[in-house]
Amino acid sequence: MREEPRIPGLRRVARNFGGRVERDVDDEIAFHIESRVRDLVAAGQTAEGARRIAEAEFGDLAASRRELADIDRHRRQRERNSWWIDASMHELRHAIRSLRRSPGFSIAAIVTLAIGIAASVAIFAVVNGVLLRPLPFGNPERLVAAWHDMPSFGLMHQPQAPATYYTYKQLAHTIDGIGVYREGEVNVAEPGGATPPQRMTSAKISASLLPVLRVSPIVGHAFTEEEDRPGAAPVMLIDEATWRARFGADPKIAGRLLDVNGVSTEIVGVMPAQFHFPAPGTQLWTPVQFDPANLPPSAFAYGAVARLKPGVTAADAQRDFAAALPHMPELFPNFVPGISSKTILAQTRPTPVIAPLQEDMTGGIAATLWMVAAAAGLVLLVACANVANLSLVRADARQRELVVREALGASRGRMMLHFFSEAAVIAGGAAALGFGAATISVRALVSAGPAAIPRLAEVRMDGWTVLFTLAAAIFVAVVCSAIPAMRLGRGTLAMREGARGGTAR
């Protein structure tokens, strides 16, 4: 049986980095200088003069030493890298042949690990899409949600009234803009009633909302201030999916009419596919059409999003809003007919609450997702432990083979590399199988669309998920090879002692 060269030991590595290269370079330079000195002396120069001439011809000795030392170190590093590559490929081929001879063990290990990897990758894809990936808006880190707490009524996370919205829009100095929205549903039909009405998820939004989010339609234009005033012609924006399915992605869609709740409404633009605000599945948007001089009677019913100025924190904006709110009665004395604004503030005692938009959108599900992710991690650890135990049993059954390899010159490091190669082959197969299963699971989850998971439509198997899968495979390979490798020394030592004992008798 032919064995590959031993892995460089610590002594050899210490020599390579402990001055051996420098000594070799100094010996080489000294040899060339002495050779030149002998030639010059033979030509009639004195020994002292010949040495000066030889050193002058050679040039800067210190620079030459550094350059030659670098060249020699790089050469030695290339040799070590080449050895590792050759050894790894040899052990990888050996591991594949060995696992093919044990199909039962191989299939059990790959399936067990694939279950753990699939669970971890699927949960990571959800966590990444919902919690980690930035919101699909411009500079999303500066977007905040604006709500009210009303402790006197025991109400928390309450929306805005039109009067509070305009109060903050006019008096808050820490924001670059604020917009409001209200979710709903409408009946949509073709003009003339040619087809039955279709129920669609909608939202009323202020003209300021899209500029705050820094999102623009892919066709047409966003709502203008004129279109957002009472009495303006009815207009709407539709989502890209509706545009493609209902209108065949007609680039001249702007100007087409649809009946919305029986009112002929003009389509002015198409929102991009990744825009799902304020809720997943929103299909069309219409303007709120407020008149600041004559606000409609309305309770606190509108969500709000503001954009912070550079360098401003959510806490700064919250203090700013709290300072602006008491001035609302001065701007809107009676925004609810028959009740003064002072009375409403005194009774409800609203307290502004400002939170990062991403945190606000995912706060209700974040803790649950992290708990599920932790559970998936435990599943992967259990799978690794089971496969490590199987590998340990298999390694114990191969102790005699390992002793023979050691006797033929295989180093401990080389046999550890063999265990890792086997684990890497198993982990690679499990990762491929697990990634496929995770992809199917994630697609099914996104299609099912549980309403409790925000941003679910943004979940996908992207490059980060692939990198996580590779990291999981490496982790699995290390864990599953570590325990058999740690038992390697004790097992081979026991075999050698047993062999010596048998010989003695």
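Student: Which residue lies over the face of Tyr302, and how far is it from the ring centre?

Tutor: Keep in mind that this is a predicted model. To count as sitting over a ring, CZ of Arg has to be within 6 Å of the ring centre. The residue over the face of Tyr302 is Arg182, and the distance from the ring centre is 5.5 Å.

Student: Okay, on to aromatic pairs. Are the planes of Tyr165 and Tyr166 stacked, edge-to-face or tilted?

Tutor: By the ring-pairing rule, the structure has eleven aromatic pairs. Tyr165 and Tyr166 make one of them, with 4.7 Å centre to centre and 50° between the planes. Stacked needs planes under 30 degrees apart and edge-to-face needs over 60, so this pair is tilted.

Student: Is Tyr166 buried or exposed?

Tutor: Buried means under 20% relative accessible area. Its partner Tyr165 has 2%, so Tyr165 is buried. Tyr166 has a relative accessible area of 9%, so the answer here is buried.

Student: What about Phe275 and Trp285: where does each residue of that pair sit?

Tutor: Their ring centres are 5.4 Å apart with the planes at 50°, so that pair is tilted. The two residues are ten apart and link distant parts of the chain. Phe275 is in the loop between β8 (263-271) and β9 (284-287), and Trp285 is in strand β9.

Student: Which residues form one aromatic cluster with Phe275 and Trp285?

Tutor: Let's check the two you named before adding the others. Phe275 is buried at 4% relative accessible area, and Trp285 counts as buried at 1%. The residues that join them in the cluster are Phe137, Tyr181 and Phe277.

Student: How many disulfides does a search of the whole structure find?

Tutor: Take Cys384, whose closest cysteine sulfur is in Cys480, 4.6 Å away and too far for a bond. A disulfide needs the sulfur atoms within 2.5 Å. Both cysteines count as buried, Cys384 at 1% relative accessibility and Cys480 at 4%. For the whole structure, the number of disulfides found is zero.

Student: Last one, on the surface: which helix gives the largest share of the nonpolar patch?

Tutor: The patch covers about 450 Å² and is made by Ile107, Val111, Ile115, Val379 and Leu433. Val111 counts as partly exposed, at 41% relative accessibility, and patch residues need over 30%. Val111 lies in helix α5. The largest share, three residues, comes from residues 103-132, which is helix α5.

Technical notes
Residues numbered from 1 in each chain as written. Predicted model: local features only at pLDDT ≥ 70, side-chain atom pairs only at ≥ 80, totals over all residues. Heavy atoms only, no water. Patch = residues over 30% accessible without salt bridge, like charges linked within 9 Å, V, L, I, M, F, W, Y side chains within 5 Å. Areas by Shrake-Rupley, 256 points an atom, 1.4 Å probe, with all protein chains shown as cover. Salt bridge = Lys/Arg side-chain N within 4 Å of Asp/Glu carboxyl O. Helix = DSSP H or I, 4+ residues; strand = E, 2+ residues; numbered from the N terminus. Buried < 20%, exposed > 50% of the residue type's maximum accessible area, 1.4 Å probe, protein only. Phe/Tyr/Trp six-rings, centres within 6.5 Å; stacked < 30°, edge-to-face > 60°. Lys NZ or Arg CZ within 6 Å of the ring centre and 35° of its normal.
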